[in-house]
Amino acid sequence: MSGPKIACIGIIGKADNPLHISLFPPYLNSTVEFSFLLNSCLDIFEIRQKQTSVDQDLGLLHAVDEKLAAYGWLTTTGVKLLVIIDLIGQPVPNSMGKQKGSPRTGSKDPDLKPVFRALQTAYIRLLQNPFYYPDDHVPTIKAAAPTSNSLQITDHEFIAEVRHIGETWVLDATIL
């Protein structure tokens, strides 16, 4: 028996530039595939923003296949938080697998609000850091072919917090 697990967390800037992407096992070597998937989700953000009212929690954005599904959250500043869930996940230890009742399947829509709130809180803490300059992460037209890493968030505490959120999330978790 296995349960849903976070495969990827993406933080996308208001100019649709990737600020941070975290991959989780077994997808550590799938950077290109998940970058493409995150990029395709930006189109869905744009379509939903054109509608009259958009809530922060955009819910399911894109069901890739029976295994992967992308969920989105839009901050008030236009930063997009994306979480890609592996609905099949990894095997659950035997002690947890002996629970009474029906086994969990990927058919239930996972509640990711605690994940998105924790990610937003981590991002707010990053913005409160006096040594972090968010304007350094906005691409400018004048910049002549900046390197891909120059626009990424490199704050070690933020990266560790995102990694912790991704590794500790379980279905029906209320606190991270």
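Contact here means heavy atoms within 4.5 Å. Keep that cut-off in mind, because it decides who counts as a neighbour in what follows. One caveat before we start: this is a predicted model.

Let's begin with a residue and work outwards. Leaving aside residues up to four places away in sequence, Val-83 touches Ile-6, Cys-8, Ile-9, Ala-69, Ala-70, Tyr-71, Leu-112, Val-115, Phe-116 and Leu-119. That list makes a handy starting selection in your viewer.

Now zoom out to the core around it. The largest nonpolar core has 28 residues, and the members that touch the most others are Ile-9, Val-83 and Leu-119. Several elements feed this core with at least two residues each: strands S1 (2–12), S4 (68–74) and S5 (80–91), along with helices H3 (113–128) and H4 (156–168). The top contributor is H3, which gives seven residues. A second core, of 19 residues, lies apart from that one, and its members include Ala-7, Tyr-27, Leu-37 and Phe-45. As background, nonpolar side chains in soluble globular proteins tend to be buried together.

How do these pieces follow one another along the chain? Reading along the sequence gives β-β-α-β-β-β-α-α-α, so to speak the table of contents of the fold, with four helices and five strands in the protein. Take S4 again, one of the strands that supply the largest core. S4 runs antiparallel to strand S3 (residues 57–63), and five bridges join the two. If you want a spot to check, Gly-59 has Gly-72 in S4 as its bridge partner. The S3 and S4 pair makes a hairpin, with four residues between the strands.

For a contrast, head over to helix H4, where you'll find Glu-157. Is Glu-157 buried or exposed? It counts as exposed, because its relative accessibility is 68% and the cut-off for exposed is over 50%. Glu-157 and Arg-125 are 32 residues apart along the chain, yet their C-alpha atoms are separated by 9.6 Å.

Finally, the whole-protein numbers. Of the 176 residues, 39% count as buried. The accessible surface comes to about 10,400 Å², and carbon and sulfur atoms own 55% of that. As for contacts with a separation of 6 or more, 61% of them are between residues 24 or more positions apart. The neighbours of Val-83 give you a local example to look at, with Ile-6 and Leu-119 both among them.

Terms used
Residues numbered from 1 in each chain as written. Predicted model: local features only at pLDDT ≥ 70, side-chain atom pairs only at ≥ 80, totals over all residues. Heavy atoms only, no water. Buried < 20%, exposed > 50% of the residue type's maximum accessible area, 1.4 Å probe, protein only. Areas by Shrake-Rupley, 256 points an atom, 1.4 Å probe, with all protein chains shown as cover. Core = buried A, V, L, I, M, F, W, Y, C linked by side-chain atoms within 4.5 Å. Pairing = 2+ DSSP bridges.
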